[in-house]
Amino acid sequence: MNHPGTTPFARLTAAPPPSARVRAPGKVNLSLRVGALQDDGYHPLVSVFQAVALFEEVTATQVLPGSGVSLTVDGPQAAAVPLDISNLAWRAALLLAAHTGVEPDVALHVRKGVPVAGGMAGGSADAAAALVACDALWETGVPRSELVELAAQLGSDVPFCLLGHTAVGTGRGHLLTPAMTRGEFHWVFGASDRGLSTPAVFAAFDELTQGGAPPVGLEDDTALMQALRAGDPTALGAALHNDLQDAALSLRPELARTLEIAHETGALGAIVSGSGPTVAALARSRQHALAIAATWTAEGAADTVWTTTGPAHGARQTS
Ligand code: C5P
């Protein structure tokens, strides 16, 4: 029965359409060891990833059948994000739909919390979150192991954004083994308004190593793994390593000063994050992280600074 003044239509439209909201983390490579370019166009990697508590949030909302995929973005640097099929979140929705046989009808909204094109897997986190959000919205019930396989088709870092925490990655970086860690680490990230293209950084690496980078192995990261198990930030800071750092510096020489300032401010370690240009500094405490961030800002060494902690959880539905 209708209430006075309320039509059935008004009551129907009052209910919001079903939606699923998922958060997925950005990452820092505690160690990134890169071998020589292979015939498949990729470099063999051994990397220790740590997820940090800077999250991308993806909301998947039901739309009318036949509407297809649409995408909106807000948050820091949102203007730099593509809003078409070149966006990994969009491709994740299409891939899951094709895999499960449902129609790819969904409105995606991304709230950025990770620097764009910064070497912290922000776009990969969008893809991971979109996979989980669409799976929940469409009630397709895809097991995690299958989601991880789909994630690897979308990009080398996407499986890690699903998994989160700390893990060793091999292959293209997509074959993951969780790593034991203790405690919480305090990070500062200095991001640049101008991102770096990952393929361009790998190409600079090929040039610097003249295609002759030696084979990579986890044995070089024994001290780092021990520091993680012990929860020892000083030892971790000393063990941070990035084979792509010189390549990133060759494209952005000014990052050398950002690293130098971090060291001068007492950072336990400082490296370029992944393919850059974001610089990651490991701090002793939250207060120390804020001090490094303040110094970077005061010296104009980073366009945006972020303080956070790691490890953080992987892609997870929040509502
Ligand atoms: O896997 P993803 O699409 O994220 O990689 C982007 C680009 O980064 C690749 O096209 C390739 O040029 C480079 N890459 C690489 N070796 C890897 C991962 C990425 O050369 N292990």
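## Tour: a helix pair and two cysteines

Helix 2 and helix 4 cross in a right-handed manner (the near helix is turned clockwise from the far one by less than a right angle; anticlockwise would be left-handed). This is a predicted model, in which local features need pLDDT of at least 70, side-chain atom pairs count only at pLDDT 80 or more, and totals for chains, interfaces and linings use all residues. Residues are numbered from 1 along each chain as its sequence is written, and side-chain values use heavy atoms, leaving out hydrogens and water.

**Stop 1: the helices.** Select residues 88–100 for helix 2 and residues 144–154 for helix 4. Helices here are DSSP runs of H or I, at least four residues, numbered from the N terminus. The two pack at an angle of about 130°, with axes 10 Å apart. Axes are lines fitted to C-alpha atoms over the stretch in contact, and angles run from 0 to 180 degrees between N-to-C directions. That angle makes helix 2 oblique to helix 4 (not under 35 degrees, over 145, or 65 to 115).

**Stop 2: their contact.** On helix 2, select Leu88, Arg91, Ala92, Leu95, Leu96 and His99. On helix 4, take Glu146, Leu147, Leu150, Gln153 and Leu154. Contact means heavy atoms within 4.5 Å. These residues divide into seven nonpolar, two polar and two charged.

**Stop 3: the cysteines.** The whole structure has zero disulfides (cysteine sulfur pairs within 2.5 Å). Select cysteine 134: its nearest cysteine sulfur, that of cysteine 161, is 16 Å away. Cysteine 134 is buried, at 0% relative accessible area (buried is under 20%, with a 1.4 Å probe and protein chains only). Now select cysteine 161. Cysteine 161 is in no disulfide and is also buried, at 0%.

Terms used
Ala, Val, Leu, Ile, Met, Phe, Trp, Tyr, Cys and Pro count as nonpolar, Asp, Glu, Lys and Arg as charged, and the others, Gly among them, as polar. Buried means under 20% relative accessible area, exposed over 50%, partly exposed in between (1.4 Å probe, protein chains only).
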